[in-house]
Amino acid sequence: KNSAKAVEKELVTCSLQEKEKTAIDRSQIFQIPPRKDLETKMIVVLGKAGMGKSILVQKICQDWSNGEFSQFEFLFWFDCKQISLPEKQYSLKELLLKFFVKPQEGSKEVFEYILQNPAKVLLVFDGFKGLHDHENFPHCSASQPEKDLCSIKEVLSGLIQKKILNGCTLLFTARPKDKLYQCMSKVDKTIEIVGFSPQQRELYITKYFEESPYCDSALKLIKEYEYLFSHCYSPVMCRFVCFLCETVLEKGGKSLPSTLTEVFLKFFQQKIMLVQTDVTTTQNQENLATLARIAWCLGEKHQSAMKSNLLPSVEVKEFALKHGFFLPFAVPRYSDSEEEEFGSTFSDFAIQNFLCALHLLLAEELRDKNLTKYLSFLSKKKKPYNWLDLMPRFLAGLMFLQDDPYFCSLSSEDAKQSTKKQKTLLKYIRRLQINTLCPERLLELLHCVYETQNNYLLQHVALRLEPDLSFLGIVLTPPDVHVLHSVLKRSRKEFSLDLRNSGIDMQGLQALVSLRNVTSFRASLSDTVRLWKSLEQTKDYELLKTSTEKFVLDPFKAKTVKDISDLSDLVEMQKKMMNCVQEASGCTRYEIPAIRNLRKLEFALGPACGLQGLLKLVKILAAFPSLQHLDLDALSENGIGDEGAKSLSEVFPTLTSLETLNLSQNKITDLGAENLATALPSLSSLKTLSLYNNNICDFGAENLAKVLPAMTSLRVLDVQYNKITGVGAQQLTDSLRKCPHMKNLVMWNPTIPYGVLEHLHQLDSRISV
């Protein structure tokens, strides 16, 4: 189980590092490297709720029906909310040919053809969250899974384990943190939908108002409210903001809400007002409270759908459907004798989240103190409600809207009770040890506090933030960046930010870097260089210079060839900036501080790309004048070999500050050692040299022995685990006598007799046994 979790964690980490550069077209989704003829292919599309995963799979279905993806003769699409709803068992045949589509004739022949041609079948399971629970994914135990009756989980398990329809293609959509780790080791391709760029947001808003008289004013108005515009990175949220903007402009209004809670409060109020009925306000409030309780009961189970006959009343059902809070669907029948049933699902995840928050606020059985346990910045021992990720923000926001006329129209909440709940939240956050929160929970706290728009709370949190804030590997969405920016701006402290592998967009990075009290930052090299190029093109030389002075690179670890390419781009950027500085000030020399101050560089590309990456690296090493530690030892072994050693030795004269050089585990032989030895004396500051676990023999040891006296700065030499015999060991020992500056020579080798090594140690105690 733990190893499975590690697989999931590794997958998410990898996707974060590369996602900015791997945008793909829909036509590339099913392009998977060739493998065995009859092997099930599994593709996972990840994305937060509202990112458009369902729209994507619907578009794939539409494209297929229009003749695209011709490699598939059959496409079956399933909504996981619906197929996991009825507690029934059925076979693969029933799932495909009764649940999805019912052929008028020849269903037996059709199913036989599917079994014989699995490679021509695409199965799409949309919204894997519908199958989320706290149990392990079951093993498919049916002897004939195509015919035997199984639960939907067992059918899915059989498909993933290749016991059913082996050779088909499976496409799953899921949220990034949903329970997918049981099958991650079998995934062939992972795609992540990250939402709209600022340009795409503008395009969506323009298209939404295309035939509206408010087209120009709508885009301008939404962009004025930066927080709402940041939420428009999510397609679903963008639609909500556009709807509300439209209703405001139609009434002659000129302002929008400042928080997401207010957006949804007004959205609900507008939806209820739009449908004119004879129902009284009190009845609407009661129906809404009942719907909110249903939302919470389902949300606690990670569900958003239920059978319609389980709803408490026809009035609630009609209320939810009439106002668009529910969408209906048919529960499939498995035999003609069964009576047709219908289900209801919340039309949107955000609507269910808002209703859950409303329930917690209105529920009489919940005391004020109990409300705080539903906020997801609690201690690690208490489990946050990850599935209802917007609910805590709505809950905090609603607590501070008791005087809002929209809230009063939807709720019969007593103002005194609301004030009491506000005080409970204020007291709770005052006692909270903000400096102990992990990055995810700190962001959640910032969102909740921002939704309250309470100046005291915002200032309280701002003053208690740690000066060193690391969001390394934490996804920072545009709304995350906005709330972080707004809180940092309130503080008088100076901050250092680590934004590496956060997926932050260029506008967000620019906003944070521009803050006066952000004195230093780390970010992905490609993001940083992209920002600087943009600033150069817009001739914003002042911010360009400021951001380069704040940027920190040391220590830098290269894990991919892309990292080396990004480092090369950084060096190239310095040349361009030199020209900019010359134009602006007439100064002939300019160094980016991060380049000038880089002291430690780790190289861990592995054997497949080690040599290729090193050959690119050596071309720019001279650009780092303060480099003291160059580490080419990696767990996966870089394997730069003799060619890499020769290439590296050629730039030794430029590495005047280098004190530690680690070339362990790199498959260097006598030839490489000879090239290194020739150039090593030019490393005038070198103190430690490690050639541990290479393939150096006596000839290589002889060449190293010759240059040891000339390496006057060297203190430690490690040649353990090579192929040096007693002959080479004796030569190194003889040379050591001429090196009073040396402190330690580590040269245990399996090829040196222990007695010989012991004797040499007695001759010179600096030799380690």
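Of the contacts in the chain between residues at least 6 apart in sequence, 76% join residues at least 24 apart. The model from which this value was computed is a predicted one. The chain comprises 769 residues, of which 53% are buried. Its exposed surface amounts to about 35200 Å², and carbon and sulfur atoms contribute 49% of that area. In terms of secondary structure, the chain contains 32 helices and 19 strands.

Strand β3, spanning residues 121–126, has six of its six residues buried and is therefore largely enclosed by the rest of the structure. Burial applies to both faces of the strand: V121, L123 and F125 lie on one side, L122, V124 and D126 lie on the other, and all are buried. Strand β3 is joined to β2 by six bridges, with the two strands running parallel. Within this pairing, D79 has D126 of β3 as its bridge partner. A parallel arrangement is also found between β3 and β4, which are joined by four bridges; here V124 stands opposite L171 of β4.

Residue D126 also appears in the description of the second largest pocket, which has a volume of about 810 Å³. The lining of this pocket consists of 36 residues, and those closest to its centre are S54, K81, D126, S347 and D348. Two or more lining residues come from each of the helices α2 (53–65), α3 (80–83), α10 (235–250) and α14 (349–362), and from each of the strands β2 (74–79), β4 (169–174), β7 (326–331) and β8 (341–346). Helix α2 makes the greatest contribution to the lining, with four residues. By residue class, the lining divides into 15 nonpolar, 12 polar and nine charged residues. Strands β2 and β4, both contributors to the lining, are thus encountered again as pairing partners of β3, through six bridges in the case of β2 and four in the case of β4.

A further set of strands lies later in the chain. Eight strands form an open sheet with parallel pairing, in the order β12-β13-β14-β15-β16-β17-β18-β19. Its edges are formed by β12 (556–558) and β19 (767–768), each of which pairs on one side only. Within the sheet, β17 (residues 716–718) and β18 (residues 744–746) pair in the parallel sense over three bridges. In this pairing, V716 is placed opposite N744 of β18.

Key:
Residues are numbered from 1 along each chain as its sequence is written. This is a predicted model: local features need pLDDT of at least 70, side-chain atom pairs count only at pLDDT 80 or more; totals for chains, interfaces and linings use all residues. Side-chain values use heavy atoms; hydrogens and water are left out. Two strands pair if DSSP finds at least two bridges between them. Buried means under 20% relative accessible area, exposed over 50%, partly exposed in between (1.4 Å probe, protein chains only). Contact means heavy atoms within 4.5 Å. Accessible areas come from the Shrake-Rupley method with a 1.4 Å probe; for residues, only the protein chains shown count as cover. On a 1 Å grid over the protein atoms alone, a cavity is a set of points where a 1.4 Å probe fits but cannot get out, and a pocket is an open set with protein on both sides within 12 Å along at least five of seven lines; lining residues have an atom within 4 Å of a point. Grid points are joined across faces, edges and corners, and a volume is the space filled by probe spheres set on the points. Ala, Val, Leu, Ile, Met, Phe, Trp, Tyr, Cys and Pro count as nonpolar, Asp, Glu, Lys and Arg as charged, and the others, Gly among them, as polar.
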